[in-house]
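Let us walk through this structure step by step, beginning with one helix and then turning to individual side chains and the pairs they form.

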Amino acid sequence: QHTPLSSISVDMPLSPMKEPGAAPAPTLLSAPTLLGHRRQPTPDSVVELLLLHEDSERCTQRDEADERERASLELGNELHADFGEIIDAPLSPHTPPPPPPPRPQPPEQPLPPPQQQPQPLPQASSPPPQQPPPPTQSSQPPPRRSPSPPPPGPHSILHAATRAFEAAMAAGGGSDQEDGAGSGEMDVELLVAAFRTNLAVTEVFGSMMTPAVKNDLANLDKLAKAWVALGKRRGAAQVATLRGLLEAERASGVHKPGGVLRDPSAGIALTWLRRSLAFQRGLLQGLAADRGATLSAVATAAYKAHLERYHNWVLRGTFKVCLGGLPARDVFLDKLGPELRPAERAEVCYREAAEVGEAMRRADERMGALLVALDMDDQRKA
C-alpha cells in the first residue's frame with residue numbers, strides 16, 4: 001500500500017526571510033498545493049514515486065541478504081579452522097574390513113560312526129530284551145492302516161466316509177451290541193478321522209448347511225482336546241478306545257449322575273456328533289430309497305426324525321430355513337460324484353449312499369450303547 005500524495009505535508013517557507021535575525025514563519029503545505037506551485041500532478045509523476053519506493057525496498061532486501069551471506073561465510077570459515085582436521089581425516093582406518101565368510105567343510109568325520117553302528121544292531125537284535133518297544137507302539141491305536149483295499153472302479157465321496165467309519169470300528173474290535181451291552185469298541189483316533197472325512201459330505205449340501213459344518217467342527221475340537229488331556233493324565237493306552245476315553249472322563253468327576261454332561265467334554269461332544277451323524281444317515285438313506293422326492297423334503301423328514309426333539313425353537317426355525325434352501329437333487333449328485341460319468345453317476349451315488357448309511361448306523365449304535373451303559377446319555381435340549 002502506498003500513501004496517497006494528498007495526505008503528504010511538507011514544511012517549506014513560502015517566501016525568503018525579509019529581515020535578518022527574524023525567524024521564518026513556516027507554513028505546512030500539502031502535496032497538491034506544493035505541486036500546484038510548480039505543476040499539476042500527472043499519472044507519470046505518481047508512477048515515478050511508486051517506482052522509487054519499490055527500488056528502495058529492493059535495495060534494502062538485497063543489503064540484508066548480502067549481510068546474511070557474509071555472516072554464514074564467516075561462521076563456516078571459523079568451523080573449518082576449528083574442525084578441519086577432524087572432517088578431512090579419512091574414515092577407512094576406523095572401519096575394519098569384514099571378515100571373510102567361513103568355508104563350508106564337508107562333514108567327512110561323522111560318516112564313519114554310522115558305519116560302525118550297524119554292526120551292533122544285528123548283535124542286539126538276537127537277544128529278545130530289545131523287543132518291548134514294538135508292544136508299546138502297538139498299544140496305541142494301530143488303525144492308521146486301511147483294513148482292506150478299495151474296490152476297483154470310480155467312487156463318489158461317500159465311499160471314503162464309509163471306509164473311514166468301518167476302519168474305526170474294525171480297529172476297536174468287538175461286535176455290534178452283543179447282549180445289548182454295547183461291547184463293540186471304536187478307536188478314538190480313527191473315529192475323529194472318520195468324522196473329519198464325513199465333513200466333505202456335509203459341505204456338499206451347500207452354503208445353507210454352513211452352521212451345521214461349524215457345529216461339527218467345534219464338537220470335533222472338544223473331543224480331540226479331551227482325548228489329549230486325559231491321555232496325558234491316564235496314559236495314551238487307556239484312552240485309545242472310545243470306552244476307555246469315556247470311562248476315564250466319568251471317573252474324573254466332571255459329569256453328574258443321570259446323564260448330565262459337562263460342556264465342554266468328550267461326552268457332550270460325542271453326543272452331538274452322534275446326533276448329527278444320525279441326521280445325515282437318515283438323509284442319505286432316504287435319498288436312495290425315494291428317488292422322486294426333492295432333497296429338501298428328504299432332509300426335512302430326516303431332521304424331524306433325528307434332530308428336532310433336541311433343538312429349541314430358535315434352532316428349529318434356523319434349520320427349517322437352511323433345509324428349504326438345499327440344492328436340487330441333480331446338483332447334489334453332481335457334487336457327490338464329480339469324477340463319475342454322467343451315465344453312471346446316479347446309480348453309483350445311490351448305491352454308496354445306502355452303504356455309508358449302513359456304516360453310519362452301526363457306528364451310531366456303538367456310540368449310543370456306550371453312552372447308555374456309562375450313564376452318559378444326555379437327553380437335554382440345546
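## From an enclosed helix to its charged pairs

In this predicted model, 21 of the 24 residues of helix 10 are buried, so helix 10 is largely enclosed by the rest of the structure. The length of helix 10, which covers residues 266–289, can be checked against its geometry: at 1.5 Å a residue its 24 residues should span 34 Å, and because the C-alpha atoms at its ends lie 34 Å apart, the two values agree.

The setting of that helix is a protein with 14 helices and 2 strands, in which buried residues account for 32% of the 382 residues. Of the contacts between residues at least 6 apart in sequence, 67% join residues at least 24 apart. The accessible surface of the protein amounts to about 24,100 Å², and carbon and sulfur atoms contribute 57% of that area.

A useful residue to look at next is Y303, which sits in helix 11 (residues 295–306) and counts as buried because its relative accessibility is 1%, where the cut-off for buried is under 20%. Once neighbours within four places in sequence are set aside, Y303 is in contact with F279, E308, H311, L315, R316, F319 and L323. Y303 and G282, although 21 residues apart in sequence, have C-alpha atoms 8.2 Å apart in space.

Another residue to examine is E352, placed in helix 14 (residues 342–373). What is the nearest side chain of opposite charge to the buried E352? It is R351, at 4.5 Å, and E352 has no salt bridge; a salt bridge would require a side-chain nitrogen of Lys or Arg within 4 Å of a carboxyl oxygen, so a separation of 4.5 Å falls outside that limit. The side chain of E352 does, however, make a polar contact with the side chain of H155, at 2.6 Å. H155 also appears among the residues in contact with E352 beyond its neighbours within four places in sequence, and the others in that list are P154, S156, L158, H159 and T162.

The charged pairs complete the tour, and a search of the whole structure finds 12 salt bridges. One of them joins the side chains of R243 and E185, with a distance of 3.7 Å from N to O. This pair links distant parts of the chain, since R243 belongs to helix 9 (residues 242–251) while E185 lies in the loop between helix 6 (157–172) and helix 7 (188–203), 58 residues apart. R243 counts as partly exposed, at 23% relative accessibility, whereas E185 is buried, with a relative accessible area of 10%. E185 and R243 are also linked with E247 in a network of salt bridges.

Within helix 14, E365 forms a salt bridge with R361, the closest N and O atoms being 2.8 Å apart. Because E365 and R361 are 4 residues apart in that helix, about one helical turn separates them. E365 is partly exposed, with a relative accessible area of 29%, and R361 likewise counts as partly exposed, at 27% relative accessibility.

A further salt bridge brings together the side chains of R380 and D378, at 2.7 Å from N to O. Here R380 is partly exposed, with a relative accessible area of 43%, while D378 counts as buried, at 4% relative accessibility.

Definitions and conventions. Residues are numbered from 1 along each chain as its sequence is written. This is a predicted model: local features need pLDDT of at least 70, side-chain atom pairs count only at pLDDT 80 or more; totals for chains, interfaces and linings use all residues. Side-chain values use heavy atoms; hydrogens and water are left out. The expected span of a helix is 1.5 Å times one less than its number of residues. Buried means under 20% relative accessible area, exposed over 50%, partly exposed in between (1.4 Å probe, protein chains only). Contact means heavy atoms within 4.5 Å. Accessible areas come from the Shrake-Rupley method with a 1.4 Å probe; for residues, only the protein chains shown count as cover. Lys and Arg count as positive and Asp and Glu as negative; His and the chain ends are not counted. A polar contact is a pair of N or O atoms within 3.5 Å; within protein, one must be able to donate a hydrogen and the other to accept it, and residues adjacent in sequence count only if both atoms are side-chain atoms.
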